[in-house]
Amino acid sequence: MKESGFEQAARFWDRKDADSEKMDPAKLREETDKFLLSHKVCALATGTGDMIRCTPLEYTWHDGALWIFSEGGKKFAGIAANSHAALAVFDTNTEFGKLHSIQMTGTVSVIDDTEDPAYEAEAAFRKIPIKMLQGMQEPMYLIRFAPKEAIFLNSDFKAQGLGSRQKLVF
């Protein structure tokens, strides 16, 4: 049976990746870390049922996770119902053929106790006074995004004889 246009489109990267040169996993992890450390804003996608929310948020990358302080919002309805989420970080360069981005899938958890050691550690990492966070009228939640898989799209990899799309499993 012939593939539909949607099926063919959905399998595009499966076909293309099958023949592309892969980067050494340790080098790919190093490149991923470097990229994530050089950026500060991600788009976090959460959802439940028919509700999907994609929110731009500031993050830090350390200890194998992205850490995000956030006020409330619809993203928390998605997190409460579904701990699986997607996240993207990308350059805003609009020049064709110069794509640099990471798409990640993983799990999210929320730390809402300002006295939790992880909450205090992230506040210290960001140099945010913990007393200020504890004294806010509306709470500031800490979201921890733990990646399971990252797809790094980087046009510059081609110059190294590699595929422009590399997959990293954490």
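This is a selection-by-selection tour of a predicted model, starting from a central strand and moving outward to two helices and one polar residue.

**Stop 1: strand β4**

Select residues 65–70, which make up strand β4. All six of the six are buried, so the strand is largely enclosed by the rest of the structure. Colour the two faces separately. In a regular strand the side chains alternate between the two faces of the sheet. On one side of β4 are Ala-65, Trp-67 and Phe-69, and on the other Leu-66, Ile-68 and Ser-70; both faces are covered.

**Stop 2: the partners of β4**

Add residues 60–62, strand β3, which runs antiparallel to β4 and is joined to it by three bridges. Trp-61 has Leu-66 as its bridge partner in β4. The two strands form a hairpin with two residues between them. Asp-63, in that turn, has a positive phi of about 55°.

Next add residues 141–154, strand β7, which pairs with β4 in the antiparallel sense over five bridges. To find the register, pick Ser-70 and its bridge partner in β7, Tyr-141.

**Stop 3: the nonpolar cores**

In soluble globular proteins, nonpolar side chains tend to be buried together. Which residues touch the most other members of the largest nonpolar core? Show Leu-44, Tyr-59, Leu-87, Met-104 and Phe-145, which do so in a core of 26 residues. Elements giving two or more residues to this core include α3 (25–37), β1 (41–48), β5 (84–90) and β6 (100–111), as well as β4. The most comes from β7, with four residues. A second, separate core has nine residues, among them Trp-67, Ile-111, Tyr-119 and Ala-123.

Centre on Leu-87 and display its contacts. Beyond its neighbours within four places in sequence, Leu-87 is in contact with residues including Cys-42, Leu-44, Leu-66, Ile-68, Met-104 and Phe-145.

**Stop 4: helix α3**

Select helix α3 and check its length between the end C-alpha atoms. At 1.5 Å a residue, its 13 residues should span 18 Å, and the ends are 18 Å apart, which agrees. Now show Leu-28, Glu-31, Thr-32, Phe-35 and Leu-36, the buried residues of α3. Looking down the axis of α3, these buried residues fall within an arc of 130°, so they line one face of the helix. Elements that cover them include β3, β5, β6, β7 and β8 (165–169). Rotate to the face turned away from the buried side to find Ala-26, Lys-34 and Leu-37 exposed. At the N-terminal end of α3, Asp-24 acts as a cap, with a side-chain oxygen 3.2 Å from the backbone nitrogen of Ala-26.

**Stop 5: helix α5**

Go to residues 117–125, helix α5, where Tyr-119, Glu-122 and Ala-123 are buried. They cover an arc of only 100° around the axis, which puts them on the same side of α5. These buried residues pack against β3, β4, β6, α6 (130–134) and β7. Pro-117 and Ala-124 are exposed on the face turned away from the buried side. At the start of α5, a side-chain oxygen of Asp-116 comes to within 2.8 Å of the backbone nitrogen of Ala-118. Just after the helix, look at Lys-127, which takes a positive phi of about 60°.

**Stop 6: Asn-154**

Finish at Asn-154, which is in strand β7. Is Asn-154 buried or exposed? Its relative accessible area is 8%, so Asn-154 is buried. Its side chain makes a polar contact of 3.4 Å with that of His-100. Not counting residues up to four places away in sequence, Asn-154 touches Leu-99, His-100 and Ser-164.

Methods. Residues numbered from 1 in each chain as written. Predicted model: local features only at pLDDT ≥ 70, side-chain atom pairs only at ≥ 80, totals over all residues. Heavy atoms only, no water. Buried < 20%, exposed > 50% of the residue type's maximum accessible area, 1.4 Å probe, protein only. Pairing = 2+ DSSP bridges. Core = buried A, V, L, I, M, F, W, Y, C linked by side-chain atoms within 4.5 Å. Contact = heavy atoms within 4.5 Å. Expected span 1.5 Å × (residues − 1). Arc of directions from axis to C-beta. Polar contact = N/O pair within 3.5 Å; in protein donor to acceptor, adjacent residues only side chain to side chain.
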